[in-house]
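User: I would like a close look at a single part of this model, followed outward to whatever surrounds it. Please take it step by step in one connected answer.

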Amino acid sequence: LAGLRRGDLLTTGGTDISIVTEHLVRGRVRRALIVTDGWVGDVPGEHAIALRKLGTRVEAAVTDSGDPAFMATLGGRACRLPRLN
């Protein structure tokens, strides 16, 4: 926490949805909420299949200018967050 307070952050510069979905599959996660700008790449087909077999429910909150299209592969809903001014 101290590192976060100082602003010491390690980042890839964005979200790669395949890493997120791999985590969901490996952890046998039953429900997940993904908060993102939506620019995440493509969901691997094998991850989508595995999550369906597990019965995992995935939903997303996407920033106002983001792209929720990745959720079509996951079969979940995406809501668009309001613009923050």
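Which exposed residues are carried by the face of α3 that is turned away from its buried side?

Analyst: The model is a predicted one, and what follows should be read in that light. The exposed residues on the face of α3 turned away from its buried side are Glu-46, Arg-52 and Lys-53. The helix itself spans residues 45-54, and its buried residues are His-47, Ala-48, Leu-51 and Leu-54. Seen down the axis of α3, these buried residues fall within an arc of 125 degrees, so they line one face of the helix. This agrees with the general geometry of such elements: an α-helix has 3.6 residues a turn, so residues three or four places apart point the same way. Among the elements that cover the buried residues of α3 are α2 (17-26) and α4 (71-74). After α3 comes Gly-55, with a positive phi near 75 degrees.

From the helix one can move to the sheet. Three strands, in the order β1-β2-β3, make up an open sheet with parallel pairing. The edges are taken by β1 (31-36) and β3 (78-80), each of which has a single partner strand, so one side of each is left without a neighbour in the sheet. On average, and with direction ignored, neighbouring strands of this sheet are turned by 15 degrees against each other. Between β1 and β2, the latter covering residues 57-62, there are six bridges, and the two strands run parallel. Within this pairing, Ile-34 stands opposite Ala-60 in β2.

Both Ile-34 and Ala-60 reappear in the interior, since the largest nonpolar core has 15 residues, and those touching the most other members are Ile-17, Ile-34, Val-58, Ala-60, Phe-70, Met-71 and Leu-74. At least two residues of this core come from each of α2, β1, α3, β2 and α4, and α3 is thereby tied to the sheet and to its covering helices through a shared core. Met-71 offers a more local view: apart from its neighbours within four places in sequence, Met-71 is in contact with Val-58, Glu-59, Ala-60, Gly-76, Arg-77 and Ala-78.

Two of those contacts, Glu-59 and Arg-77, also belong to the charged part of the picture, where the whole structure holds four salt bridges. Glu-59 pairs with Arg-77, the closest N and O atoms lying 3.1 Å apart. This pair links distant parts of the chain, with Glu-59 in strand β2 and Arg-77 in the loop between α4 and β3, 18 residues apart. Arg-77 counts as exposed because its relative accessibility is 57%, and together with Arg-57 and Glu-59 it is linked in a network of salt bridges.

Another salt bridge joins Asp-64 to Arg-83, with the closest N and O atoms 3.6 Å apart. Here too distant parts of the chain are linked, Asp-64 being in the loop between β2 and α4 and Arg-83 in the segment after β3, 19 residues apart. Asp-64 is partly exposed, at a relative accessible area of 28%, whereas Arg-83 is exposed, at 62%.

Returning to α2, one of the helices that cover α3, a salt bridge connects Glu-22 with Arg-26, whose closest N and O atoms are 2.9 Å apart. Because they are four residues apart in helix α2, Glu-22 and Arg-26 are separated by about one helical turn. Glu-22 counts as partly exposed at 30% relative accessibility, while Arg-26, at 68%, counts as exposed.

Technical notes: Residues numbered from 1 in each chain as written. Predicted model: local features only at pLDDT ≥ 70, side-chain atom pairs only at ≥ 80, totals over all residues. Heavy atoms only, no water. Pairing = 2+ DSSP bridges. Axes fitted to C-alpha atoms, helices over the stretch in contact; angles between N-to-C directions. Buried < 20%, exposed > 50% of the residue type's maximum accessible area, 1.4 Å probe, protein only. Arc of directions from axis to C-beta. Contact = heavy atoms within 4.5 Å. Salt bridge = Lys/Arg side-chain N within 4 Å of Asp/Glu carboxyl O. Core = buried A, V, L, I, M, F, W, Y, C linked by side-chain atoms within 4.5 Å.
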